[in-house]
Amino acid sequence: MDARMFGLETPLMAALQHLLDVPDGDAGAGGDKAGAAGSGPTRTYVRDARAMAATPADVKELPGAYSFVVDMPGLGTSDIKVQVEDERVLAISGERRREEKEDAKYLRMERRMGKFMRRFVLPDNADMDKISAVCKDGVLTVTVEKLPPPEPKKPKTIEVKVA
């Protein structure tokens with residue numbers, strides 16, 4: 001389906017449509033190789049863009065922490081990976097696999113399968129040593145504690161001497 005049918009001819013929509021039209025087996029002349037000038041997006045880039053677009057998340061700021069909430073129905077802890085990259089980037093990723101049974105035939109497949117990923121740049125006051133992740137009832141909650149605010153500097157009093 002072409003986005004122009006609905007009057008959505010903006011550059012952003014054109015770029016998104018281009019990303020979605022790239023099949024998995026073909027990523028232009030460059031494939032996964034870096035440095036292929038003008039060959040379009042690589043298969044890895046398209047895969048990551050799709051995974052990020054398909055993974056909604058809620059981000060909350062609490063008085064003492066930041067909370068990232070992502071729905072992960074049907075996934076176990078071995079399917080979910082939470083990492084801190086480049087010192088300040090929280091990455092949540094994993095893969096949902098379809099159960100294959102040889103005697104079953106799908107009549108309808110609506111649930112999303114495949115890789116998922118989200119990246120969040122953490123603020124300067126996030127404590128990188130106090131990050132926890134809990135998955136309960138199909139909802140992953142990653143909590144990043146805040147650093148305490150810096151102590152206000154007290155003015156230095158200088159004694160005046162009589163000369």
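Aspartate 86 is found in the loop between strand 3 and strand 4, and the exercises below start from this residue in what is a predicted model.

**Exercise 1. What is unusual about the backbone of aspartate 86 and of aspartate 137, and where does each residue lie?**

Solution. Begin with the expectation: most residues other than glycine have a negative phi. Aspartate 86, although not a glycine, has a positive phi of about 50°, and its place is the loop between strand 3 and strand 4. Next take aspartate 137, which likewise is not a glycine but has a positive phi of about 55°, and which is located in the loop between strand 6 and strand 7. Finally, consider accessibility: aspartate 86 has a relative accessible area of 68% and is therefore exposed, while the value for aspartate 137 is 74%, so that this residue is exposed as well.

**Exercise 2. Work out the order of the strands in the open sheet of 4 strands, and say which strands are at its edges.**

Solution. Start with strand 1 (residues 57-61) and strand 2 (residues 65-71), which pair in the antiparallel sense over 5 bridges and form a hairpin with 3 residues between them. Within this pairing, valine 59 stands opposite phenylalanine 68 in strand 2. Then move across to strand 7, with which strand 2 pairs in the antiparallel sense over 7 bridges; here aspartate 71 stands opposite valine 139 in strand 7. The complete order of the open sheet is 1-2-7-6, with antiparallel pairing. Strand 1 and strand 6 are the edge strands, since each of them pairs on one side only. On average, and with direction ignored, neighbouring strands of this sheet are turned by 15° against each other.

**Exercise 3. Find the salt bridges of the whole structure, and state for each partner whether its side chain is buried, partly exposed or exposed.**

Solution. A search of the whole structure gives 3 salt bridges, which can be taken one at a time.

Step 1. Glutamate 61 and lysine 146 meet through their side chains in a salt bridge with an N to O distance of 2.7 Å. This pair links distant parts of the chain, with glutamate 61 in strand 1 and lysine 146 in strand 7 (residues 139-146), 85 residues apart. Glutamate 61 has a relative accessible area of 55% and is therefore exposed, whereas lysine 146, at 18% relative accessibility, counts as buried, because the cut-off for buried is under 20%.

Step 2. Glutamate 85 and arginine 119 form a salt bridge at 3.1 Å, N to O. It too links distant parts of the chain: glutamate 85 belongs to strand 3 (residues 80-85) and arginine 119 to strand 5 (residues 114-121), 34 residues apart. Glutamate 85 is partly exposed at a relative accessible area of 23%, and arginine 119 counts as partly exposed at 37%.

Step 3. Arginine 88 forms a salt bridge with aspartate 124, and their closest N and O atoms are 4.0 Å apart. Because arginine 88 lies in the loop between strand 3 and strand 4 and aspartate 124 in the loop between strand 5 and strand 6, the pair ties together parts that are 36 residues apart in sequence. Arginine 88 counts as partly exposed at 26% relative accessibility, while aspartate 124, with a relative accessible area of 65%, is exposed.

**Exercise 4. Which side chain of opposite charge is nearest to arginine 96, and which to aspartate 127, given that each is buried yet has no salt bridge?**

Solution. Take arginine 96 to begin with; it is found in strand 4 (residues 89-96). The nearest side chain of opposite charge to arginine 96 is that of aspartate 79, 7.8 Å away, whereas a salt bridge requires a nitrogen and an oxygen within 4 Å. The side chain of arginine 96 does, however, reach the backbone oxygen of proline 73 at 3.4 Å. Apart from residues up to four places away in sequence, arginine 96 touches Met72, Pro73, Leu75, Arg112, Met113, Gly114 and Phe116.

Turn now to aspartate 127, which lies in strand 6. For this buried residue, the nearest side chain of opposite charge is that of lysine 130, at 4.2 Å, and there is no salt bridge. With residues up to four places away in sequence again left out, aspartate 127 touches Val144, Glu145, Lys146 and Leu147.

Notes
Residues are numbered from 1 along each chain as its sequence is written. This is a predicted model: local features need pLDDT of at least 70, side-chain atom pairs count only at pLDDT 80 or more; totals for chains, interfaces and linings use all residues. Side-chain values use heavy atoms; hydrogens and water are left out. Two strands pair if DSSP finds at least two bridges between them. Helices (H or I, at least four residues) and strands (E, at least two) are DSSP runs, numbered from the N terminus. Buried means under 20% relative accessible area, exposed over 50%, partly exposed in between (1.4 Å probe, protein chains only). Lys and Arg count as positive and Asp and Glu as negative; His and the chain ends are not counted. A polar contact is a pair of N or O atoms within 3.5 Å; within protein, one must be able to donate a hydrogen and the other to accept it, and residues adjacent in sequence count only if both atoms are side-chain atoms. Contact means heavy atoms within 4.5 Å. Axes are lines fitted to C-alpha atoms, for helices over the stretch in contact, and angles run from 0 to 180 degrees between N-to-C directions.
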